[in-house]
Amino acid sequence: MNTRETLKIENGQLIIGGVSAVELREKFGTPLYVLDESYIREVSRAFVSGLKEGYGEGEIAVAYASKALCNTAVLKITSSEGLYTDVVSGGELFTALKAGVEPSKIIMHGNNKTDSELKMALENEIGYIVVDSFCEIERLNKFASEASKKPTVLLRVNPLVTAHTHEAVQTAKADSKFGIVIGDEAEKAIKIMVDAENLEFMGIHCHIGSQIFDYSAYESSVATMTEFVKRLSDDGIEIKVLNMGGGFGVFYAGDDPMFTPRRYAHTVKNLAIIVAKALSEYGLKKPMLIIEPGRAIVGEAGVTLYSVGTIKDLGVRKYIAVDGGMFDNPRFALYQSEYSAIIANKANEPLSDNVSICGKCCESGDLIGVDIKLQKAELDDIVAVFTTGAYNYSMASNYNLNAVPPMVLVKDGKADYIVKPQTFEDMIRNNCFASWQK
Ligand SMILES: Cc1ncc(COP(=O)(O)O)c(C=O)c1O
């Protein structure tokens with residue numbers, strides 16, 4: 001647990017945003033996603049100020065990668081902090097527009113955007129469409145021409161940098177479905193975009209992976225990307241936007257580094273400094289520099305509260321079964337990700353047990369984590385699992401027809417829904433009978 005003013009233990013009770021976990025359960029029940037507004041704001045500000053400081057007079061933007069947690073209230077917070085919004089689907093774009101995000105501050109990604117997603121982006125005149133393939137250039141140019149639009153576009157390039165992170169979240173390997181490999185292929189694509197009548201080519205984007213702590217991977221991608229900017233400049237193509245993607249790691253458990261807003265500011269300041277230095281060595285003007293953190297903005301702001309329903313000590317392993325599981329947090333099932341947790345209502349007691357926290361789904365792999373150090377749990381205790389703000393709600397499902405838990409925002413001792421409870425009716429809303437069944 002990475003404690004802070006808005007996530008702390010007082011008199012043996014876990015307090016988030018000034019509200020105790022016990023009060024939150026009393027008022028909203030469990031399972032419950034809890035999100036700390038102040039922390040989202042603090043981290044957002046740190047990214048903006050760090051990047052600004054490092055890039056000097058150059059223009060910058062921090063785009064929140066909304067795939068981490070896409071919700072109108074969250075996007076209202078991030079956009080009010082001046083962040084752009086990165087979306088990867090029509091659904092995320094719709095949410096951003098509903099949240100009141102300025103279309104010019106929306107960036108759309110995706111390796112296989114559908115026709116309707118591209119048309120929706122054009123119709124709403126969003127800031128940037130990040131083109132991912134040769135065939136997309138053609139489609140987008142055609143749709144833009146039909147709609148009499150000229151969208152500002154970036155090209156996602158694959159800089160072939162292997163980030164030291166889980167294989168499933170590496171995105172810049174030679175064998176990757178994302179982007180076009182940097183060099184001849186990418187330049188060919190860019191030339192087509194520059195010549196396309198209905199596209200306004202603005203620059204390049206890369207994203208090397210997620211949950212990255214090894215900053216030499218960023219250094220390599222800066223070196224590769226800026227060298228490419230220089231090559232393009234030599235060939236008469238100006239890069240006005242350089243988007244270096246996201247991937248900044250957060251603390252989950254064990255040996256993960258502990259991050260603070262200050263440390264994020266420092267990290268992105270250094271990133272901006274090396275970008276600026278490389279550009280100046282090549283004698284190039286500074287393009288607008290964009291980064292796209294997702295996990296780092298909301299990850300540690302989130303805590304999930306569960307109630308303990310069953311305890312089984314098998315001798316070989318002790319299972320603490322909670323009223324959630326892979327339907328609200330599938331990350332263990334997907335990547336064996338680790339978490340830290342406490343018993344929120346007896347947080348001062350020693351972490352004397354070594355347990356597996358399992359869910360209530362009909363899968364043996366339905367685990368929140370294994371070998372978690374925890375206070376001695378009893379039935380009805382509250383288990384708080386930390387760092388669940390990113391890629392939990394956004395990856396949740398109705399598996400076994402469990403309802404996706406509601407989410408509450410906490411701030412200065414107040415708590416309120418930002419995702420209302422899902423009812424059984426909600427879950428079967430789109431069920432219907434085939435004509436011959438009626
Ligand atoms: C293009 C792009 N940008 C940003 C991100 C955000 O990554 P993270 O949440 O690790 O910061 C992702 C994640 O998949 C991505 O694909």
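What follows is a chat between a student and a tutor about a predicted model.

Student: Let's start with D381. Why is D381 called buried or exposed, whichever applies?
Tutor: D381 comes out at 5% relative accessibility. Buried means under 20%, so D381 counts as buried.

Student: And where does D381 sit in the chain?
Tutor: In the loop between strand 18 (367-374) and strand 19 (382-386).

Student: What makes the D381 and K346 pair a polar contact?
Tutor: Their side chains are joined at 2.8 Å, and the cut-off for such a pair of N or O atoms is within 3.5 Å, so the label fits. K346 also turns up among the contacts of D381 beyond its neighbours within four places in sequence, together with R25, Y306, S307, V308, I343, N345 and K376.

Student: Now E300. How do you know whether E300 has a salt bridge?
Tutor: Check the nearest side chain of opposite charge, which is R4, 4.8 Å away. A salt bridge needs the nitrogen within 4 Å of the carboxyl oxygen, so E300 has none, although E300 is buried.

Student: What is E300 in contact with, leaving aside its neighbours within four places in sequence?
Tutor: R4 is on that list, and so are N2, Y39, V250, F251, F259, Y264 and T387. Contact asks for heavy atoms within 4.5 Å. E300 itself lies in the loop between helix 10 (295-298) and strand 14 (302-313).

Student: Why is V88 put in the class it gets?
Tutor: V88 has 29% relative accessibility. Partly exposed runs between under 20% for buried and over 50% for exposed, so V88 counts as partly exposed. Its place is in the loop between strand 6 (84-87) and helix 4 (90-98).

Student: Which residues touch V88, leaving aside its neighbours within four places in sequence?
Tutor: K67 and H109. A separate figure is for A65: V88 and A65 are 23 residues apart in sequence and 8.7 Å apart in space, C-alpha to C-alpha.

Student: Which residues of helix 4 are buried, and what do they pack against?
Tutor: G90, E92, L93, T95 and A96 are the buried ones. They pack against helix 3 (72-80), strand 6, strand 7 (106-108) and helix 5 (115-123). After helix 4 comes G100, with a positive phi near 90°.

Student: What makes strand 8 and strand 9 a pair?
Tutor: The test is at least two bridges. Strand 8 (residues 128-131) and strand 9 have three, in the parallel sense, so they pass. One pairing to look up is V131 with L155 of strand 9.

Student: How do you know that strand 10 pairs with strand 9?
Tutor: Two bridges join strand 9 to strand 10 (residues 180-181), and at least two are required, so the parallel pair counts. V157 stands opposite I180 of strand 10. Strand 9 also runs parallel to strand 11 (residues 200-205), over five bridges, where L155 is partnered by I204.

Student: And how covered is strand 9?
Tutor: Mostly: six of the seven residues in strand 9 (residues 152-158) are buried.

Student: Why are strand 1 and strand 3 called edge strands?
Tutor: The open sheet has three strands in the order 1-2-3, with antiparallel pairing. Strand 1 (7-10) and strand 3 (19-20) each pair on one side only, and that makes them the edges. Strand 1 and strand 2 (residues 13-16) are joined by four bridges, with I9 partnered by L14 of strand 2.

Key. Residues are numbered from 1 along each chain as its sequence is written. This is a predicted model: local features need pLDDT of at least 70, side-chain atom pairs count only at pLDDT 80 or more; totals for chains, interfaces and linings use all residues. Side-chain values use heavy atoms; hydrogens and water are left out. Buried means under 20% relative accessible area, exposed over 50%, partly exposed in between (1.4 Å probe, protein chains only). A polar contact is a pair of N or O atoms within 3.5 Å; within protein, one must be able to donate a hydrogen and the other to accept it, and residues adjacent in sequence count only if both atoms are side-chain atoms. Lys and Arg count as positive and Asp and Glu as negative; His and the chain ends are not counted.
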